[in-house]
Amino acid sequence: MSTARKLGGQTTRQIFAVPVAIAVVSTVGLISALAGDGIEDVASWIALSVPVVAVAWAMRARRT
């Protein structure tokens, strides 16, 4: 499927941009957690909290 093709007014790139970004951040967080201690642990906690925050935001946005 071409990125120029539109689905419901949005291109494929626009639809999958946020999920891909969350996947990349989560992967970086998991690798950071395995890589070391100290600042890597802090970075992993921050990176791994992004999907949780995104789900909470989506649930809140859906209710309103």
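The following dialogue discusses how to read several features of this predicted model.

Reader: Which elements does the chain contain, and in what order do they run from the N terminus?

Author: The chain has two helices and two strands. Starting at the N terminus, their order is β-β-α-α.

Reader: How should the confidence of the prediction be read, and which element has the lowest mean pLDDT?

Author: As a general matter, predicted coordinates should not be read in detail where pLDDT is low. In this chain the average pLDDT is 88, and 89% of the residues reach at least 70. Among the elements, strand β1 (residues 6–7) has the lowest mean, 62, whereas α1 has the highest, 94.

Reader: What span should the 24 residues of α1 have?

Author: The general idea is to set the expected span of a helix, at 1.5 Å times one less than its number of residues, beside the distance between its ends. For α1 the expected span is 34 Å, and because its end C-alpha atoms are 34 Å apart, the two agree. Helix α2 (residues 39–63) has 25 residues; from first C-alpha to last it reaches 36 Å, close to the expected 36 Å.

Reader: Where do the helices bend?

Author: A bend is an angle between axes fitted on either side of a residue. In α1 there is a bend of about 35° at Val18, and the proline Pro19 follows within four residues. In α2 a kink of about 30° lies at Val50, shortly before the proline Pro51.

Reader: Which residues of α1 are buried?

Author: Thr12, Ser26, Gly29 and Ser32 are the buried residues of this helix. Over the chain of 64 residues, 12% count as buried.

Reader: Is Val24 of helix α1 buried or partly exposed?

Author: A residue counts as buried under 20% relative accessible area and as exposed over 50%, with partly exposed in between. Val24 has 47% relative accessibility and therefore counts as partly exposed. Ala23, also found in helix α1, is partly exposed because its relative accessible area is 41%. Ala23 lies 25 residues from Leu48 in sequence, while their C-alpha atoms are 9.9 Å apart in space.

Reader: Which residues form the nonpolar patch on the surface?

Author: Val24 belongs to that patch, together with Ile15, Phe16, Val20 and Val28. Their combined accessible area is about 420 Å². The accessible surface of the chain is about 5,300 Å², and carbon and sulfur atoms account for 68% of that surface.

Methods: Residues numbered from 1 in each chain as written. Predicted model: local features only at pLDDT ≥ 70, side-chain atom pairs only at ≥ 80, totals over all residues. Heavy atoms only, no water. Buried < 20%, exposed > 50% of the residue type's maximum accessible area, 1.4 Å probe, protein only. Areas by Shrake-Rupley, 256 points an atom, 1.4 Å probe, with all protein chains shown as cover. Patch = residues over 30% accessible without salt bridge, like charges linked within 9 Å, V, L, I, M, F, W, Y side chains within 5 Å. Salt bridge = Lys/Arg side-chain N within 4 Å of Asp/Glu carboxyl O. pLDDT = per-residue confidence, 0-100. Bend = angle between axes of the 7 residues up to and from the residue.
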